[in-house]
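Student: Could you take me through one part of this model up close, and then show me how the rest of the chain is laid out around it? I'd like one connected walk rather than a list.

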Amino acid sequence: MLRDSLRSERGVSGFLVAGSLLLLMGMAAIAIDVSAAFNERRQDQTASDHGALAAGVAIISGGGDVQAVAAAKQVASANLIAPIAGADWLSCTDAGALGSYTAAQAATLGLNQNQPCISFGSSGSGLAFDRIRVKIPTRQTPTTFGRVLGTFNLQTSAFAEVTLEPVGQSGAFPAAVYNGAGAGNTFCIKTSTGGPQSAIQSCGTVTTGDFGNFQPYFYTELAPGNPTTICTSGNQTAPLSYTISNGLDHILGVAPGAGAGLRRNGSMCPQAPGPISPDRVDSGSGYSNTDITNGLISGGTYDVGFTGRYNESRYPWAGSYGVTTVFGTRIDNRALWTFLDPGQAAAADAAIPGPGSDCADAAALPNNPTPVANPYDPSTDAVVAAYTTLQRCLRDYAQFNVSLANGIFVQALYDSDRLTIVPEYWQNAPIGNNACCYDIKDFRPAYLNSIWTS
(Lines give C-alpha, C1' and ligand atoms only; values in the text may rest on other atoms or scores of the structure.)
Protein backbone atom coordinates (compact mmCIF):
# COMPACT_ATOMS: atom_id res chain seq x y z
CA MET A 1 0.00 0.00 0.00
CA LEU A 2 2.82 2.39 0.87
CA ARG A 3 4.58 1.53 -2.41
CA ASP A 4 1.43 2.27 -4.39
CA SER A 5 1.01 5.56 -2.53
CA LEU A 6 4.54 6.65 -3.42
CA ARG A 7 3.95 5.74 -7.05
CA SER A 8 0.86 7.97 -7.05
CA GLU A 9 2.84 10.98 -5.71
CA ARG A 10 5.49 10.86 -8.46
CA GLY A 11 3.39 12.88 -10.91
CA VAL A 12 2.64 15.46 -8.23
CA SER A 13 6.32 16.12 -7.57
CA GLY A 14 6.84 16.51 -11.32
CA PHE A 15 4.21 19.19 -11.43
CA LEU A 16 5.77 20.88 -8.41
CA VAL A 17 9.19 20.89 -10.05
CA ALA A 18 7.74 22.24 -13.32
CA GLY A 19 5.81 24.92 -11.46
CA SER A 20 8.88 25.90 -9.50
CA LEU A 21 10.90 26.16 -12.69
CA LEU A 22 8.27 28.45 -14.24
CA LEU A 23 8.33 30.59 -11.11
CA LEU A 24 12.10 30.70 -11.14
CA MET A 25 12.12 31.56 -14.85
CA GLY A 26 9.63 34.34 -14.20
CA MET A 27 11.76 35.70 -11.39
CA ALA A 28 14.81 35.47 -13.63
CA ALA A 29 12.91 37.34 -16.31
CA ILE A 30 12.12 40.09 -13.83
CA ALA A 31 15.64 40.17 -12.44
CA ILE A 32 17.52 40.04 -15.73
CA ASP A 33 15.23 41.18 -18.52
CA VAL A 34 13.63 44.05 -16.62
CA SER A 35 17.05 45.14 -15.37
CA ALA A 36 18.23 45.23 -18.98
CA ALA A 37 15.20 47.33 -19.89
CA PHE A 38 15.88 49.71 -17.01
CA ASN A 39 19.46 50.03 -18.17
CA GLU A 40 18.21 50.86 -21.67
CA ARG A 41 15.77 53.37 -20.16
CA ARG A 42 18.64 55.10 -18.35
CA GLN A 43 20.55 55.28 -21.61
CA ASP A 44 17.45 56.67 -23.33
CA GLN A 45 17.18 59.41 -20.71
CA THR A 46 20.85 60.29 -21.00
CA ALA A 47 20.51 60.38 -24.79
CA SER A 48 17.46 62.66 -24.68
CA ASP A 49 19.10 64.96 -22.12
CA HIS A 50 22.27 65.34 -24.16
CA GLY A 51 20.34 65.60 -27.44
CA ALA A 52 18.22 68.48 -26.13
CA LEU A 53 21.31 70.28 -24.82
CA ALA A 54 23.09 69.80 -28.16
CA ALA A 55 20.13 71.33 -29.99
CA GLY A 56 20.22 74.28 -27.61
CA VAL A 57 23.94 74.83 -28.19
CA ALA A 58 23.33 74.73 -31.94
CA ILE A 59 20.67 77.43 -31.68
CA ILE A 60 22.58 79.81 -29.42
CA SER A 61 25.58 79.35 -31.73
CA GLY A 62 23.51 80.79 -34.58
CA GLY A 63 22.17 77.58 -36.10
CA GLY A 64 18.62 77.00 -37.32
CA ASP A 65 16.29 74.05 -37.04
CA VAL A 66 18.31 71.97 -39.52
CA GLN A 67 21.50 72.34 -37.49
CA ALA A 68 19.69 71.91 -34.16
CA VAL A 69 17.86 68.74 -35.24
CA ALA A 70 21.05 67.27 -36.73
CA ALA A 71 22.95 67.97 -33.50
CA ALA A 72 20.19 66.42 -31.38
CA LYS A 73 20.11 63.27 -33.52
CA GLN A 74 23.89 62.86 -33.59
CA VAL A 75 24.43 63.37 -29.88
CA ALA A 76 21.42 61.26 -28.88
CA SER A 77 22.67 58.33 -30.98
CA ALA A 78 26.21 58.74 -29.61
CA ASN A 79 24.85 58.13 -26.10
CA LEU A 80 23.21 54.83 -27.04
CA ILE A 81 24.83 51.44 -27.65
CA ALA A 82 22.83 50.97 -30.85
CA PRO A 83 22.41 54.18 -32.90
CA ILE A 84 18.97 55.42 -33.91
CA ALA A 85 18.12 54.82 -37.55
CA GLY A 86 16.74 57.67 -39.65
CA ALA A 87 13.54 55.71 -40.25
CA ASP A 88 13.01 55.53 -36.49
CA TRP A 89 13.06 59.33 -36.18
CA LEU A 90 10.67 59.62 -39.11
CA SER A 91 8.13 57.24 -37.58
CA CYS A 92 8.56 58.47 -34.00
CA THR A 93 5.62 60.45 -32.61
CA ASP A 94 5.43 62.56 -29.47
CA ALA A 95 2.02 63.55 -28.11
CA GLY A 96 3.78 66.26 -26.08
CA ALA A 97 5.54 67.86 -29.07
CA LEU A 98 5.95 71.63 -28.72
CA GLY A 99 5.01 72.32 -32.34
CA SER A 100 4.59 70.82 -35.79
CA TYR A 101 6.20 71.24 -39.20
CA THR A 102 5.13 71.79 -42.75
CA ALA A 103 5.44 68.76 -45.00
CA ALA A 104 8.55 70.26 -46.62
CA GLN A 105 10.17 70.97 -43.25
CA ALA A 106 9.39 67.49 -41.96
CA ALA A 107 10.94 65.94 -45.06
CA THR A 108 14.07 68.07 -44.70
CA LEU A 109 14.44 67.32 -40.99
CA GLY A 110 13.52 63.65 -41.23
CA LEU A 111 10.82 63.94 -38.56
CA ASN A 112 7.13 63.25 -38.22
CA GLN A 113 5.20 66.27 -39.47
CA ASN A 114 2.46 66.54 -36.86
CA GLN A 115 4.01 65.12 -33.68
CA PRO A 116 7.76 65.37 -34.20
CA CYS A 117 10.08 63.83 -31.63
CA ILE A 118 12.35 66.90 -31.85
CA SER A 119 10.36 70.08 -31.50
CA PHE A 120 10.73 73.75 -30.56
CA GLY A 121 8.45 76.21 -28.81
CA SER A 122 8.25 79.11 -26.38
CA SER A 123 8.59 78.81 -22.63
CA GLY A 124 6.31 81.81 -22.15
CA SER A 125 9.24 84.14 -21.50
CA GLY A 126 8.44 86.15 -24.62
CA LEU A 127 11.34 84.66 -26.55
CA ALA A 128 10.39 82.41 -29.46
CA PHE A 129 12.00 78.98 -29.78
CA ASP A 130 13.65 79.09 -26.36
CA ARG A 131 12.22 75.69 -25.40
CA ILE A 132 13.46 72.42 -26.94
CA ARG A 133 12.01 68.93 -26.53
CA VAL A 134 13.70 65.70 -27.61
CA LYS A 135 11.98 62.31 -27.34
CA ILE A 136 13.91 59.13 -28.09
CA PRO A 137 12.16 56.81 -30.56
CA THR A 138 10.86 53.61 -28.94
CA ARG A 139 13.71 51.20 -28.20
CA GLN A 140 13.30 47.43 -28.17
CA THR A 141 15.24 45.45 -25.55
CA PRO A 142 15.25 41.70 -26.44
CA THR A 143 14.39 39.39 -23.53
CA THR A 144 16.18 36.19 -22.55
CA PHE A 145 14.10 34.40 -19.97
CA GLY A 146 10.99 36.41 -20.75
CA ARG A 147 10.59 34.48 -23.99
CA VAL A 148 9.41 31.51 -21.94
CA LEU A 149 6.49 33.69 -20.83
CA GLY A 150 5.82 34.91 -24.37
CA THR A 151 7.49 38.34 -24.02
CA PHE A 152 10.18 38.79 -26.64
CA ASN A 153 10.93 42.54 -26.27
CA LEU A 154 10.54 45.26 -23.66
CA GLN A 155 9.91 48.77 -24.99
CA THR A 156 11.49 51.92 -23.54
CA SER A 157 11.74 55.59 -24.39
CA ALA A 158 12.50 58.91 -22.70
CA PHE A 159 12.19 62.62 -23.34
CA ALA A 160 13.89 65.79 -22.13
CA GLU A 161 13.21 69.50 -22.40
CA VAL A 162 15.60 72.42 -22.05
CA THR A 163 14.94 76.15 -21.91
CA LEU A 164 17.39 78.70 -23.28
CA GLU A 165 17.97 81.85 -21.26
CA PRO A 166 19.59 84.72 -23.19
CA VAL A 167 22.24 86.75 -21.40
CA GLY A 168 20.93 90.21 -20.46
CA GLN A 169 17.44 91.67 -20.51
CA SER A 170 17.07 92.34 -24.18
CA GLY A 171 17.53 90.71 -27.54
CA ALA A 172 19.22 92.37 -30.48
CA PHE A 173 18.19 95.93 -31.30
CA PRO A 174 16.52 96.11 -34.75
CA ALA A 175 19.37 98.03 -36.40
CA ALA A 176 22.67 96.97 -37.91
CA VAL A 177 26.10 98.10 -39.11
CA TYR A 178 27.98 97.21 -42.29
CA ASN A 179 31.02 94.98 -42.48
CA GLY A 180 34.12 96.52 -40.97
CA ALA A 181 32.37 99.11 -38.80
CA GLY A 182 35.08 100.54 -36.59
CA ALA A 183 35.03 100.78 -32.81
CA GLY A 184 33.81 104.16 -31.67
CA ASN A 185 32.01 104.97 -34.93
CA THR A 186 28.65 106.68 -34.83
CA PHE A 187 25.75 105.52 -37.01
CA CYS A 188 22.47 107.26 -37.59
CA ILE A 189 19.08 105.59 -38.00
CA LYS A 190 16.88 107.70 -40.26
CA THR A 191 13.13 108.02 -40.04
CA SER A 192 12.71 109.07 -43.69
CA THR A 193 14.54 110.22 -46.81
CA GLY A 194 13.62 113.83 -46.23
CA GLY A 195 13.49 115.99 -43.16
CA PRO A 196 14.74 119.11 -41.46
CA GLN A 197 18.29 120.35 -41.54
CA SER A 198 19.08 118.47 -38.33
CA ALA A 199 18.38 115.14 -40.03
CA ILE A 200 20.58 116.11 -42.95
CA GLN A 201 23.37 117.16 -40.61
CA SER A 202 23.27 113.96 -38.56
CA CYS A 203 22.68 111.38 -41.30
CA GLY A 204 24.30 112.76 -44.44
CA THR A 205 22.21 114.08 -47.30
CA VAL A 206 18.45 114.10 -47.75
CA THR A 207 18.30 111.22 -50.21
CA THR A 208 21.30 109.02 -49.36
CA GLY A 209 22.71 107.28 -46.36
CA ASP A 210 22.07 104.09 -44.46
CA PHE A 211 18.67 103.97 -42.84
CA GLY A 212 20.26 101.58 -40.38
CA ASN A 213 17.23 99.48 -39.53
CA PHE A 214 15.86 96.13 -40.66
CA GLN A 215 12.44 94.53 -40.45
CA PRO A 216 12.58 92.49 -37.24
CA TYR A 217 9.18 90.72 -37.40
CA PHE A 218 7.66 89.25 -34.29
CA TYR A 219 7.50 85.55 -33.52
CA THR A 220 5.18 85.73 -30.50
CA GLU A 221 1.55 86.78 -30.42
CA LEU A 222 0.63 90.42 -30.30
CA ALA A 223 -2.27 89.83 -27.94
CA PRO A 224 -2.80 86.95 -25.48
CA GLY A 225 -4.87 84.16 -26.96
CA ASN A 226 -4.77 85.62 -30.46
CA PRO A 227 -2.48 83.39 -32.53
CA THR A 228 -3.24 85.33 -35.72
CA THR A 229 -0.94 88.07 -34.46
CA ILE A 230 2.09 85.76 -34.37
CA CYS A 231 4.68 86.88 -36.92
CA THR A 232 3.26 90.39 -37.17
CA SER A 233 5.35 92.41 -39.61
CA GLY A 234 7.91 94.75 -38.18
CA ASN A 235 6.23 97.57 -40.10
CA GLN A 236 3.36 97.61 -37.62
CA THR A 237 3.80 100.07 -34.80
CA ALA A 238 2.97 98.02 -31.70
CA PRO A 239 5.44 95.14 -32.14
CA LEU A 240 8.17 97.30 -33.65
CA SER A 241 7.99 99.82 -30.81
CA TYR A 242 8.23 96.97 -28.33
CA THR A 243 11.26 95.60 -30.19
CA ILE A 244 12.95 99.01 -30.07
CA SER A 245 12.26 99.10 -26.33
CA ASN A 246 13.18 95.54 -25.36
CA GLY A 247 14.92 93.88 -28.30
CA LEU A 248 13.93 91.07 -30.62
CA ASP A 249 11.84 88.19 -29.35
CA HIS A 250 13.89 85.61 -31.23
CA ILE A 251 17.57 84.79 -31.65
CA LEU A 252 19.37 85.76 -34.85
CA GLY A 253 21.92 83.48 -36.47
CA VAL A 254 25.14 83.92 -38.42
CA ALA A 255 25.40 83.32 -42.18
CA PRO A 256 28.47 81.55 -43.64
CA GLY A 257 29.19 84.41 -46.04
CA ALA A 258 27.86 87.31 -48.10
CA GLY A 259 24.91 86.08 -50.11
CA ALA A 260 25.08 82.69 -48.38
CA GLY A 261 22.34 83.17 -45.80
CA LEU A 262 19.55 80.61 -46.09
CA ARG A 263 17.17 81.46 -43.25
CA ARG A 264 15.45 84.74 -44.04
CA ASN A 265 13.95 86.60 -41.10
CA GLY A 266 10.17 86.39 -41.31
CA SER A 267 10.14 84.21 -44.43
CA MET A 268 7.61 81.82 -42.86
CA CYS A 269 5.33 84.60 -41.64
CA PRO A 270 2.46 84.98 -41.21
CA GLN A 271 1.68 81.27 -41.49
CA ALA A 272 3.90 80.23 -38.58
CA PRO A 273 6.77 81.55 -36.48
CA GLY A 274 10.14 80.99 -37.99
CA PRO A 275 12.64 80.21 -39.18
CA ILE A 276 14.76 79.50 -36.11
CA SER A 277 17.84 81.74 -35.84
CA PRO A 278 17.40 83.56 -39.17
CA ASP A 279 20.72 84.63 -40.71
CA ARG A 280 19.31 87.08 -43.29
CA VAL A 281 17.25 90.21 -42.64
CA ASP A 282 15.19 92.53 -44.83
CA SER A 283 16.46 96.10 -44.96
CA GLY A 284 14.14 98.84 -43.75
CA SER A 285 13.22 102.24 -45.10
CA GLY A 286 13.55 104.03 -41.78
CA TYR A 287 11.47 103.87 -38.65
CA SER A 288 8.43 106.10 -38.30
CA ASN A 289 8.44 108.90 -35.75
CA THR A 290 5.85 106.94 -33.76
CA ASP A 291 8.06 103.84 -33.67
CA ILE A 292 10.94 105.86 -32.27
CA THR A 293 8.85 107.88 -29.82
CA ASN A 294 7.08 104.86 -28.35
CA GLY A 295 10.08 102.54 -28.38
CA LEU A 296 12.65 104.93 -26.95
CA ILE A 297 10.62 107.42 -24.95
CA SER A 298 6.90 107.07 -24.26
CA GLY A 299 6.42 103.31 -24.17
CA GLY A 300 3.17 101.57 -25.04
CA THR A 301 1.36 98.25 -24.79
CA TYR A 302 2.31 94.80 -25.98
CA ASP A 303 0.53 92.12 -23.96
CA VAL A 304 1.61 94.18 -20.96
CA GLY A 305 2.67 97.80 -20.85
CA PHE A 306 6.29 98.68 -21.61
CA THR A 307 8.37 101.78 -21.06
CA GLY A 308 10.62 103.50 -23.55
CA ARG A 309 14.23 102.38 -23.57
CA TYR A 310 15.42 105.89 -22.55
CA ASN A 311 12.77 106.32 -19.84
CA GLU A 312 14.38 107.37 -16.56
CA SER A 313 12.36 104.81 -14.61
CA ARG A 314 14.55 102.02 -16.05
CA TYR A 315 17.76 103.31 -14.48
CA PRO A 316 19.07 103.33 -10.90
CA TRP A 317 20.89 106.63 -11.51
CA ALA A 318 17.76 108.44 -12.73
CA GLY A 319 18.19 112.21 -12.51
CA SER A 320 21.84 112.04 -11.45
CA TYR A 321 23.13 113.11 -14.85
CA GLY A 322 20.85 116.01 -15.59
CA VAL A 323 17.12 116.17 -16.20
CA THR A 324 16.04 116.06 -19.85
CA THR A 325 12.45 115.93 -20.99
CA VAL A 326 11.41 114.79 -24.48
CA PHE A 327 7.74 114.96 -25.47
CA GLY A 328 6.79 115.28 -21.82
CA THR A 329 8.80 112.25 -20.65
CA ARG A 330 11.93 112.46 -18.54
CA ILE A 331 14.67 110.40 -20.15
CA ASP A 332 18.03 109.06 -19.07
CA ASN A 333 20.72 111.53 -20.05
CA ARG A 334 23.86 109.67 -19.02
CA ALA A 335 26.62 109.96 -21.60
CA LEU A 336 28.75 106.94 -22.44
CA TRP A 337 31.99 108.54 -21.24
CA THR A 338 30.59 108.75 -17.68
CA PHE A 339 30.81 104.96 -17.53
CA LEU A 340 34.59 105.03 -18.04
CA ASP A 341 36.67 103.96 -15.05
CA PRO A 342 39.35 106.70 -14.60
CA GLY A 343 42.03 104.29 -13.39
CA GLN A 344 41.38 101.79 -16.17
CA ALA A 345 41.22 104.60 -18.72
CA ALA A 346 44.68 105.79 -17.64
CA ALA A 347 45.97 102.20 -17.88
CA ALA A 348 44.56 101.98 -21.41
CA ASP A 349 46.34 105.20 -22.40
CA ALA A 350 49.60 103.79 -21.04
CA ALA A 351 49.20 100.73 -23.26
CA ILE A 352 48.36 102.75 -26.39
CA PRO A 353 51.44 103.90 -28.37
CA GLY A 354 51.86 107.63 -28.79
CA PRO A 355 51.56 110.69 -26.59
CA GLY A 356 47.73 110.83 -26.48
CA SER A 357 45.63 110.44 -23.34
CA ASP A 358 42.20 110.28 -24.97
CA CYS A 359 40.73 107.69 -22.61
CA ALA A 360 41.74 109.57 -19.48
CA ASP A 361 40.53 112.82 -21.05
CA ALA A 362 37.19 111.18 -21.91
CA ALA A 363 36.81 109.86 -18.35
CA ALA A 364 37.31 113.41 -17.04
CA LEU A 365 34.64 114.98 -19.26
CA PRO A 366 31.72 116.72 -17.51
CA ASN A 367 28.37 114.96 -17.28
CA ASN A 368 26.58 117.49 -19.44
CA PRO A 369 28.73 119.60 -21.78
CA THR A 370 26.88 122.72 -22.84
CA PRO A 371 25.96 122.54 -26.54
CA VAL A 372 26.29 125.58 -28.74
CA ALA A 373 23.19 127.53 -29.72
CA ASN A 374 23.51 126.60 -33.39
CA PRO A 375 23.34 122.78 -33.80
CA TYR A 376 24.23 123.09 -37.49
CA ASP A 377 27.82 124.02 -36.65
CA PRO A 378 29.17 120.92 -34.87
CA SER A 379 32.78 122.06 -35.14
CA THR A 380 32.34 124.28 -32.08
CA ASP A 381 29.85 122.13 -30.19
CA ALA A 382 31.14 120.93 -26.80
CA VAL A 383 28.97 117.79 -26.99
CA VAL A 384 30.40 116.86 -30.37
CA ALA A 385 33.92 117.54 -29.09
CA ALA A 386 33.31 115.27 -26.10
CA TYR A 387 32.14 112.42 -28.28
CA THR A 388 35.10 112.94 -30.60
CA THR A 389 37.44 112.40 -27.64
CA LEU A 390 35.54 109.26 -26.60
CA GLN A 391 35.61 107.91 -30.15
CA ARG A 392 39.38 108.32 -30.35
CA CYS A 393 39.71 106.40 -27.08
CA LEU A 394 37.53 103.51 -28.30
CA ARG A 395 39.17 103.43 -31.72
CA ASP A 396 42.70 103.25 -30.31
CA TYR A 397 41.70 100.75 -27.62
CA ALA A 398 40.44 98.40 -30.36
CA GLN A 399 43.11 99.18 -32.96
CA PHE A 400 46.00 98.39 -30.63
CA ASN A 401 44.19 95.41 -29.12
CA VAL A 402 44.59 96.64 -25.56
CA SER A 403 43.70 93.91 -23.08
CA LEU A 404 42.77 94.94 -19.56
CA ALA A 405 41.36 92.40 -17.11
CA ASN A 406 38.44 94.65 -16.16
CA GLY A 407 38.12 96.59 -19.41
CA ILE A 408 37.74 100.36 -19.31
CA PHE A 409 34.08 100.68 -18.28
CA VAL A 410 32.51 100.36 -14.84
CA GLN A 411 30.01 97.59 -14.14
CA ALA A 412 27.10 100.04 -14.15
CA LEU A 413 27.29 100.23 -17.95
CA TYR A 414 25.88 96.70 -18.11
CA ASP A 415 22.86 97.83 -16.11
CA SER A 416 21.94 100.24 -18.87
CA ASP A 417 19.39 99.14 -21.45
CA ARG A 418 21.04 101.59 -23.84
CA LEU A 419 23.85 99.07 -24.14
CA THR A 420 22.73 96.48 -26.65
CA ILE A 421 23.92 94.31 -29.52
CA VAL A 422 23.34 94.88 -33.22
CA PRO A 423 24.08 92.59 -36.17
CA GLU A 424 27.07 93.30 -38.37
CA TYR A 425 26.38 92.47 -42.04
CA TRP A 426 28.72 90.58 -44.33
CA GLN A 427 28.01 93.33 -46.86
CA ASN A 428 30.00 96.56 -46.58
CA ALA A 429 27.56 98.85 -48.42
CA PRO A 430 23.85 99.06 -49.20
CA ILE A 431 22.71 96.48 -51.77
CA GLY A 432 20.83 97.92 -54.74
CA ASN A 433 19.07 100.76 -52.95
CA ASN A 434 18.59 98.58 -49.86
CA ALA A 435 17.04 95.70 -51.80
CA CYS A 436 16.61 92.38 -50.01
CA CYS A 437 18.60 91.07 -48.11
CA TYR A 438 21.55 91.43 -45.79
CA ASP A 439 23.49 88.48 -44.37
CA ILE A 440 24.55 88.51 -40.72
CA LYS A 441 28.28 88.09 -40.10
CA ASP A 442 28.57 88.81 -36.41
CA PHE A 443 27.16 90.91 -33.59
CA ARG A 444 28.61 94.14 -32.22
CA PRO A 445 28.01 95.92 -28.91
CA ALA A 446 26.43 99.34 -29.33
CA TYR A 447 25.37 102.19 -27.07
CA LEU A 448 22.16 103.92 -28.09
CA ASN A 449 23.32 107.46 -27.88
CA SER A 450 21.45 110.56 -29.07
CA ILE A 451 17.99 111.48 -30.32
CA TRP A 452 17.63 114.20 -32.95
CA THR A 453 14.21 115.77 -33.14
CA SER A 454 12.75 118.51 -35.26
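What follows is a close look at one serine, and then a tour of some other parts.

Student: Let's zoom in on S119: where does S119 lie, is S119 buried or exposed, and what is S119 in contact with beyond its neighbours in sequence?

Tutor: Sure. Keep in mind that this is a predicted model. S119 sits in strand β1, which covers residues 118–121. With a relative accessible area of 1%, S119 is buried; the cut-off for that label is under 20%. Its side chain has a polar partner in the backbone: the side chain of S119 reaches the backbone nitrogen of L98 at 2.9 Å. L98 also turns up in the contact list of S119, which leaves aside neighbours within four places in sequence: A97, L98, G99 and Y101, plus R131, I132 and R133.

Now let's step back for the setting. The protein has 454 residues, and 42% of them are buried, S119 being one of the buried residues. The secondary structure comes to 10 helices and 12 strands. Take the contacts with a separation of 6 or more: 64% of them are between residues 24 or more positions apart. As for the outside, the accessible surface comes to about 22300 Å², and 57% of that belongs to carbon and sulfur atoms.

Another buried spot is I84, at 10% relative accessibility. I84 is in the loop between α2 (65–78) and α3 (86–91). Not counting residues up to four places away in sequence, I84 touches S77, W89, I136, P137 and R139. There's also a C-alpha distance to look at here: I84 and T138 are 54 residues apart along the chain, and their C-alpha atoms are separated by 9.7 Å.

R139 is a handy link, as it takes us into strand β3, residues 139–142. The side chains alternate along β3: R139 and T141 point to one face and are buried, whereas Q140 and P142 point to the other face and are not buried. β3 is joined by 4 bridges to strand β4 (residues 153–156), and the two run antiparallel. Within that pairing, Q140 stands opposite Q155 in β4.

For a loop residue with some exposure, try I189, between β5 (159–163) and α5 (197–203). I189 has a relative accessible area of 30%, so it counts as partly exposed. Its C-alpha atom is separated by 9.8 Å from that of S285, and the two residues are 96 residues apart along the chain.

Further on there's an open sheet of 3 strands, in the order β6-β12-β11, with antiparallel pairing. β6 (280–281) and β11 (419–425) stand at the edges, and each has a single partner strand, so one side of each is left without a neighbour in the sheet. Between β11 and β12 (residues 438–447) there are 7 bridges; in one of the pairings, L419 has Y447 in β12 as its bridge partner.

Last stop, the empty space inside. Rolling a probe the size of a water molecule over the atoms shows where empty space is left. Searching the whole structure gives 2 cavities of 30 Å³ or more. The second largest cavity holds about 30 Å³ of space, and its lining is made up of I59, A128, F129, H250, I251, I276 and S277.

Terms used: Residues numbered from 1 in each chain as written. Predicted model: local features only at pLDDT ≥ 70, side-chain atom pairs only at ≥ 80, totals over all residues. Heavy atoms only, no water. Buried < 20%, exposed > 50% of the residue type's maximum accessible area, 1.4 Å probe, protein only. Polar contact = N/O pair within 3.5 Å; in protein donor to acceptor, adjacent residues only side chain to side chain. Contact = heavy atoms within 4.5 Å. Areas by Shrake-Rupley, 256 points an atom, 1.4 Å probe, with all protein chains shown as cover. Pairing = 2+ DSSP bridges. 1 Å grid on protein atoms, 1.4 Å probe; cavity = no way out; pocket = protein on both sides within 12 Å on 5 of 7 lines; lining within 4 Å. Points joined across faces, edges and corners; volume = space filled by probe spheres on them.
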